[in-house]
Amino acid sequence: MCRCNYQYIYLTNQVAHIICSHYTYYNRFQREQLAVHWREWMTDRTLQLYNSNRVYYSLERDIAGSAEGSIADENDNGDSALPPRIDNPDQRITEDVRTFTAFSLQLFITVVTSIIDLVSFSLILYSIQPQLFATIIGYAAFGTVTTTYIGSALLPLNFDKLRREADLRYLLVRIRENAESIAFYQGEDVEGQEVASRLARVVENKREINVAQRNLELFTTAYQYLIQIVPVAVVAPQYFAGSIQLGVISQSVGAFNHILSDLTVIVNQFEQLSSFSAGIERLSSFFIAIRNADATRSNEDGLLALPKEFNETAWADSLNASLTQADDHAVGGNIQLNLERIPEAITNGQKNVLLQTHNLGLVTPDRKRTLIENLDLTVREGEHLLIVGSSGAGKSSLLRAISGLWTAGSGEISRVPDDEVYFLPQRPYCALGSLKDQLLYPSTESMNSDDYPGGHRLSRAHLLRQSMTDEDLLKVLEEVDLKDLPYRFGDGDPIKGLNAVLDWGNTLSLGEQQRLAFGRLVVNKPKLVILVSNCCGYRVLFYL
């Protein structure tokens with residue numbers, strides 16, 4: 001009978017061990033899956049906010065406000081009137097979001113587990129040794145306060161670490177993207193000097209972190225060792241007095257260690273928490289800057305709340321309304337952009353107006369230099385306008401103002417909506433994708449919700465207005481003298497070449513990229529085309 005009971009207990013323990021092991025593994029798997037889903041959703045939401053209403057451009061051009069005034073670098077003369085830049089948004093969208101989602105989930109589970117464990121063992125310890133329970137509360141409070149005080153230096157250091165590491169990576173990516181130009185100039189020494197400078201700042205920051213961690217670990221190590229002494233020292237007098245048994249001491253020490261571990265989560269994970277706090281601060285400032293840069297959102301909107309469904313007229317009206325509430329340092333007003341109220345054609349046979357400016361003035365973003373004053377112009381259907389001037393005269397600024405990217409100035413600009421105008425910058429751009437995608441850019445043939453994470457808001461603003469077959473696109477390439485392009489990259493098969501995916505910006509020559517940009521005009525068929533070119537050292541702005 002005893003042998004059977006022993007076998008039963010043994011088998012029961014083995015089954016329980018197997019179940020608990022599988023539960024632990026499955027629990028960890030589910031936690032990791034949840035972190036992945038959370039990261040996918042948060043990254044997609046961040047990208048939607050970042051891309052909506054040209055926020056990415058506003059942040060890059062220092063047009064938008066920033067929440068990092070306390071940590072951003074000021075100008076050499078101490079003038080901080082212009083808002084500081086949000087450095088390395090790519091790192092914030094990828095690394096900071098990943099760290100936030102992963103560690104937040106881990107921290108939440110740790111806190112919940114600690115609370116359950118704390119309640120259970122607090123009842124046990126209080127019933128055994130009330131005096132020891134009061135001691136543990138004081139000891140945990142002392143450890144938390146001291147750790148926070150000693151480790152406070154890690155918070156700004158970890159913030160600076162994220163920024164300096166991202167700056168170094170950005171420089172290395174920049175060198176890779178401009179490898180050909182650097183090779184022509186033989187500028188390896190200059191680039192290497194800048195890399196060494198940024199690497200030195202990374203190393204300096206890491207050494208400062210090592211010193212701060214050393215000081216913190218000196219205390220936390222001693223704190224952990226004292227845990228084994230404190231409970232014994234408190235209950236030992238009662239044992240020697242004969243009022244308690246030796247087993248009570250063991251029970252008290254075990255319960256003491258459990259409760260102290262639950263109460264000192266900050267002490268045990270302060271280094272991870274300091275890095276986590278730095279990442280939260282960077283994300284918070286990033287989301288605040290995104291909201292400030294979006295004219296369709298207000299300070300009452302949540303940081304992760306999507307703006308209203310994009311409407312270019314509503315966006316222009318919101319932009320104009322927000323610009324009327326200029327900051328105190330802004331002088332001279334702002335440009336009013338009008339995308340709908342285009343003056344009607346005059347009845348004497350003149351064609352419809354596509355673009356018109358009234359009393360337009362442009363100034364630099366710091367409002368210290370005037371670029372253009374009192375400009376009035378009108379462009380109608382079928383008309384061509386050529387503007388020529390020396391560099392720095394404000395032609396590119398005028399292009400940005402017409403597109404809505406430049407707001408510093410005064411006067412009014414009226415033009416056709418975005419879907420009827422095409423801006424052709426001086427430097428051609430090739431997106432990642434197939435040759436067919438390059439021709440359709442920025443339009444797309446279709447949008448599928450399955451290509452995006454759940455909850456993604458699809459935009460129909462750039463759907464191709466008329467379907468085009470592969471044969472139609474091949475004819476467009478022939479019209480812009482790029483007939484051989486699909487044959488070259490399709491091994492003689494033009495359809496295959498049309499769908500070939502390459503890094504076109506580094507594959508095609510500058511002339512081929514420029515002709516490809518004109519192919520986009522044929523595909524999109526806008527009413528108004530605005531482009532920038534170079535001619536004999538003068539910048540030329542064309543309106544077609």
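**Exercise 1. Find where Asn359 sits, and say what its backbone and surface exposure look like.**

Step 1. Asn359 belongs to strand 2 (residues 353-363). Strands are DSSP runs of E with at least two residues, helices are runs of H or I with at least four, and both are numbered from the N terminus. Before going on, note that this is a predicted model, in which local features need pLDDT of at least 70 and side-chain atom pairs count only at pLDDT 80 or more, while totals for chains, interfaces and linings use all residues. Residues are numbered from 1 along each chain as its sequence is written, and side-chain values use heavy atoms, with hydrogens and water left out.

Step 2. Look at the backbone: Asn359 is not a glycine, yet its phi is positive, at about 50 degrees.

Step 3. Now the surface. Asn359 has 38% relative accessibility and so counts as partly exposed. Here buried means under 20% relative accessible area, exposed means over 50%, and partly exposed lies in between (1.4 Å probe, protein chains only).

**Exercise 2. Describe Lys525 in the same three steps.**

Step 1. Lys525 is in the loop between helix 19 (510-524) and strand 9 (528-535).

Step 2. Lys525 also is no glycine and has a positive phi of about 50 degrees.

Step 3. With 47% relative accessibility, Lys525 counts as partly exposed.

**Exercise 3. Which residues does Lys436 touch, and is Lys436 buried or exposed?**

Step 1. Start with the place: Lys436 is part of helix 14 (residues 435-440).

Step 2. The relative accessible area of Lys436 is 13%, so this lysine is buried.

Step 3. Set aside the neighbours within four places in sequence, and Lys436 is in contact with Glu445, Asp470, Leu473, Leu498 and Asn499. Contact means heavy atoms within 4.5 Å.

Step 4. Move a little along the chain to Pro442, in the loop between helix 14 and helix 15 (470-479). The peptide bond that joins Tyr441 and Pro442 is cis, with omega about 5 degrees.

**Exercise 4. Work out how helix 5 packs against helix 11.**

Step 1. Take helix 5 (residues 154-177) and helix 11 (residues 270-293): their axes are 8 Å apart and the packing angle is about 60 degrees. Axes are lines fitted to C-alpha atoms, for helices over the stretch in contact, and angles run from 0 to 180 degrees between N-to-C directions.

Step 2. Classify the angle. Helix 5 is therefore oblique to helix 11. The classes are roughly parallel under 35 degrees, roughly antiparallel over 145, roughly perpendicular from 65 to 115, and oblique for the rest.

Step 3. The crossing of helix 5 past helix 11 is right-handed: the near helix is turned clockwise from the far one by less than a right angle, whereas anticlockwise would be left-handed.

Step 4. Find the contact residues. Helix 5 contributes Leu154, Leu155, Asn158, Phe159, Leu162 and Arg163. Among those from helix 11 are Phe270, Glu271, Ser274 and Arg282.

Step 5. Sort them by class: this contact of helix 5 with helix 11 has six nonpolar, five polar and four charged residues. Ala, Val, Leu, Ile, Met, Phe, Trp, Tyr, Cys and Pro count as nonpolar, Asp, Glu, Lys and Arg as charged, and the others, Gly among them, as polar.

**Exercise 5. Repeat the analysis for helix 8 and helix 9.**

Step 1. Helix 8 (residues 230-240) and helix 9 (residues 246-263) have axes that come within 10 Å and cross at roughly 155 degrees.

Step 2. The two, helix 8 and helix 9, are therefore roughly antiparallel to each other, and their crossing is right-handed.

Step 3. Val230, Pro231, Val232, Val235 and Tyr239 of helix 8 meet Leu246, Ile249, Val253 and Phe256 of helix 9. By class, the contact of helix 8 with helix 9 has nine nonpolar residues, no polar and no charged ones.

**Exercise 6. How many aromatic pairs does the whole structure hold, and how are two of them arranged?**

Step 1. A search finds 11 aromatic pairs. Rings of Phe, Tyr and Trp (its six-membered ring) pair if their centres lie within 6.5 Å; planes under 30 degrees apart are stacked, over 60 edge-to-face, and the rest tilted.

Step 2. Phe100 and Phe276 have ring centres 6.0 Å apart and planes at 10 degrees, so this pair is stacked. Phe100 lies in helix 3 (residues 89-128) and Phe276 in helix 11, so the pair ties together parts 176 residues apart in sequence. Phe276 is buried, at a relative accessible area of 9%.

Step 3. Phe489 and Trp504 have centres 5.1 Å apart and planes at 85 degrees, so they are edge-to-face.
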